[in-house]
Amino acid sequence: MKSRKLNLSSFRELGVIAMIVIIYIVVCIIEPRFFSTTSLVNILLFFPFLLIVSLGEMIEIVSRNVDMSLGAILACSGYAAGLLFKTNSDIPIAAAFIVAIALGCVLGLINGFIVTRFQIPSVIVTLGTMNIYRGVIFILGGKQIDNSVIPQSLMALSQPKESIIGIPYSVLIALLAAVLLAVFLKYFRAGREIYEIGCNPAAASLRGISNNRVQMFVFTLAGGLSGLAGMVFISRIGYMDPGAAGRGLEFTAIAAVVIGGTSMNGGVGKVTGTVLGCLLLGVIQNAISITGISGYWQEAIYGIIIVVSVIIDNLIKNRLAVSEAR
Amino acid sequence: MKHKLKINRIIRPELTVFVFMILSLVVGILLSPNFLDIRFLLGSTIFYCELGLMAIPFTLLLTSGEIDLSIAANMSLVACLVAVLYQAGMSMPVLIVIGIAVGTLLGFFNGLLVTVTKLPSLVITIGIMSVYQGFSQVLVGDAAISGFPEWFIGLDQYTILGLIPLNLIILIVVALIFSFLLKKTVWGRKVTAIGLNRGTALYSGVAVEKTKVLLFTIQGTFCAIAGIMTMSRLQMAKYTIAGDGQMDVITMVLLGGTAFAGGRGSVLGTLAAFFIIVFIRTGMRLALLSNYSQMAILGLLLIVVIIISNGLEKMAKKYE
Amino acid sequence: MASYNGYFLAIKLGPIPITRERREILEKKVCLLSAQKICKSFGKNNVLKSVDFDLEAGEVHALIGENGAGKSTLLKILFGIYQPTSGDINLEGKTVRMKHPVDAIGHGIAMIHQEPSVFEDLSIAENIFTGHFENRKIKWEDLNRKASEAMQEVGLQFSPARMMKGLSVAEQQLIEIASALSSDAKIIFMDEPTASLTPGEVENLLALIDTLRKKGKTIVYISHRLEEIKAISDRITVLRDGEIVGTYQNSEITKDQIIQKMIGKEFRSGGRKKENKTFGQPFLEVEDISIPGIFEHVSFQIAKGEIMGVAGLMGAGRTEVARGIFGITPVKSGQIRIGGKEVKIESPEAAIKNKIALVPEDRQGLGLFVSEPIAFNTTFAIIDSIKKRLGYIDTKKEKKISEQYVEGLKTKCRSVSQKVGDLSGGNQQKVSLAKWISTNPDILILDEPTRGIDVGAKEEVYRLIRKLAEEGKCIMMISSELNEVVSLSDKVMVMYEGKQTGMLAKDEITDVRILSAAHDCLEEAQ
């Protein structure tokens, strides 16, 4: 029984890997151009800011929350960094990173405070703060930050040519964030607490873990990650349109997280799964553009894959339950 | 005891929203003398009537403990389909019927998917939203299709007594019917019961799954109607025609005092929230605030109203 | 499950002898933890009325009392889950405040809850150490090794990396005890740990408790099973209606005396005279129904006016049979005939149309809408019959019907607009019964009709069941209370692991035969 169980649970990730490989091979056959380092880099370039936001969304879902405001936090943080560059072009990039991440943390903390203090479902709170955060940018001016303002050195982070090993630094930043988060979630008490409150909040409370404290932490961390994603976003896109930046990104992130095997019921989820989920979406996006399928299909295909993978995930879970009952 | 009972009756979740409605009207009047012009005020409702129309069945859906994030996508898909088929030479009256049928079918499909897979509708309909949105893009691309027949466009221009827009009348009538259904009828009680406790409802012989599928289906019908009304008002159709409409609808319904977890819903609350949104948006437009600033204030309002009504509920409990 | 396992233990286990070393420790009578004048009320409901309680180092102290006597509440206060309305807690002579379980854990107290509170999707090792990881950083190798050691102490041998999911309730409970041991708890509270264990598992647990006390742990043990308590405890405290009746040395008091003190009046056998009634044609005939993997080949007949008791251990498939007949999980094969006509019941709606009613065991989760008024609940199953035109609900009629039932069943409430959640367990059960009786069913299935209600209310429910039978209803009563099954039933069906292992006629109904069949050893007993 034990071996079967192992097979089935790892099947979840194997399934995503298999889908990535199959789509990749099929597209390579249809369009040999796909089989090139450029397209690989393109796939990778698609996913840095999505991955970073997805990591935040993942820990939220693991702790039984959903965050709709991560895209807005991305926009806020990116915009703040942009303003910084605009007022002082000599400002070091590192400082901008710190400002963006700090702002993200604060906005996340506000979410967490409202959710825990007033015990309102996180979906509602973040639906509200999503509008508030984006709105605040516009109340503060809200003009697009142009390409000319963004320092070259920041944009270089997303250029393969500028990297010594050929993989853009922004991709490495995202992967580094993923690795750090994975280590934190596995090897640190504070990381485990996120799973514990997600798995059984009442039991966690009886063991002396404050659900509120952990949730506040999760919201703050997710906010901080979105702040980081804001910087990566500017470096990749090259400008900052506060209205459009990160709009709807939450949904894509939720999709990536769910495809990666994180359970919407909380307590279950892996960083590797989320990385694979993002990668799958990246492959699909690039496959669509390179095979000449109209870009308009992209969203529909995304949606179908989300729905199908959620259903498959559920089927596997049911199978698992049955195999355990026997 | 009588005294306590009264307090309980006054302190209700919907109370906050009515207070805010009056408050927003007062603020609006203070901001702009235009607010005293009833014709202007009623006229400004037409921009939101379609969303309001979707929010009415949405109130029931949420009361039963389900949510449908794909409503705006359904709305644009219907609009785009009708537009494309019209371009292909079909006649508009037939297309209206087809459009409503398609929207209904899409809603029915959502309901089926949710009840068969037994997955949280929040998750399923996020995916469905992308699918529908994607199909509208596939249908029309970036184009805005226009050139509809004369009789079809400008539904919003019709008024009763030259004062009340037809769309608003439709909205209010639908709201009254659904309010009656939810609060006074057996069916409405069953809908509430499903949201309160699915298990007990099932054990009491309520056809839980069928009721849910029906609610999703009705939602689909109203999405289609809203889609066609929007086409008529804007005189064109494109894939962004509904925007992020689901967000406005959810805001409206939650603002109106319906519980996110189900089991408590108020259609009249939703209607009041509709007016709040109209007043605030109109007021802010007059004050030349951008769309995004308006969204920010609505977002803030959503959170504040829920905090206050939660607080009131606790207070009501204490009085018991 | 209360009685069954207990009876078996009485046969198998005598009191565990006290060793000399332990006697020495106990004779020192070092007061470890004490509570003075603890009062607790929920709203207007006084659950604990000035309770004094003291715990001596090294003892196993049993708490016993009827449901609602305040046993669990007392432990929850001592563990910091509830805050007392007034009163003090002393730990080793110092006054302490338990504001949260964290404080109690910090003082070396651990609690094993009635329902295991575990993290199903996390590993066993993590389940053991959550709440008391040694460092911020976790060394899984160390932790897994320590988890294995902790599991050894409670006699389990799983891989520490295994997920908690799929473990039996008993195993989960042992993991919780392992967790308590690994946290170096001096005092362990156990709140009905045997409530859902099989007899073998109960024996293991009692043996483990004996080992623990030999190691010098102090244990507070709540159970409804006198046999367990007599076997394991050093002292026994009896609670009644939120007050302490007394604390006794185990050797000083007999089971009958304990029962007397719990109930506060003479112990009644509770039975009715065994009159031989004759019934007419079978009305409900169930033939060879199965849901593969859940229950198989179940057949029985009930005539009008007849009460069929259904006995068996928890998980024997009794509730599932009821759910099958009621159409919640429809049966896959076999026949159900009502009044001679074959019926197909695929949904609860169909069951209700066929005049079947099911009063589920889980009142709050499946029986009632606790946040709604009595009237809403009473009429919910017949709501279709009190509508006027356009589906409009006749609220006057609704109120009238509800008031009739409140009066008829003597439900204690302020008015029918009171929320059901505010009523006591017994009164909630009355509303749940009213809801189903109002459908005027021919066939009434009752699943644990007296679970969690007090003695007085139990008697009323028994009277009601008899009255309904006299009115000519077929009654199928699932119950884990042996004396209830024995005294009420006209026949008893017994189940064991999804199989029907006995069908006892009126004159065959005895404790021993039911229990034998419930453990699938009927032949041995005969």
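In the predicted model, Met54(B) is in contact, beyond its neighbours within four places in sequence, with Ile71(B), Met75(B), Phe222(B), Cys223(B), Ala226(B), Gly245(B) and Val249(B). Met54(B) also belongs to the largest nonpolar core, which holds 359 residues, and is listed there with Ile52(A), Cys76(A), Ile276(B), Ile445(C) and Ile514(C) as the residues that touch the most other members.

Chain B is in contact with both of the other chains described here. Towards chain A, 35 residues of chain B meet 40 residues of chain A, and α7 (121-140), α12 (245-255) and α14 (291-319) of chain B each supply at least two residues of this side. The residues that chain B presents to chain A comprise 24 nonpolar and 11 polar ones, with no charged residue among them.

Towards chain C, the contact draws on 15 residues from chain B and 22 residues from chain C. On the chain B side, α9 (186-196) and α10 (198-203) each supply at least two residues, and α9(B) gives the most, with 5 residues. This side of chain B is made up of 7 nonpolar, 6 polar and 2 charged residues.

Chain C itself is divided into domain 1 (2-262), domain 2, which is assembled from the segments 281-355, 442-455 and 465-520, and domain 3 (366-440). The centres of domain 2 and domain 3 of chain C, taken over C-alpha atoms, are separated by 26 Å, and 6 residues of domain 2 are in contact with 6 residues of domain 3 in this chain. On the side of domain 2 of chain C that touches domain 3, the residues divide into 4 nonpolar, 1 polar and 1 charged.

Methods
Residues numbered from 1 in each chain as written. Chains lettered and ligands numbered in written order. Predicted model: local features only at pLDDT ≥ 70, side-chain atom pairs only at ≥ 80, totals over all residues. Contact = placed C-beta atoms within 7 Å. Helix = DSSP H or I, 4+ residues; strand = E, 2+ residues; numbered from the N terminus. Nonpolar A, V, L, I, M, F, W, Y, C, P; charged D, E, K, R; others polar. Core = buried A, V, L, I, M, F, W, Y, C linked by C-beta atoms within 7 Å. Buried ≥ 20, exposed ≤ 12 C-beta atoms within 10 Å, placed from the backbone. Domains from an automatic or database assignment.
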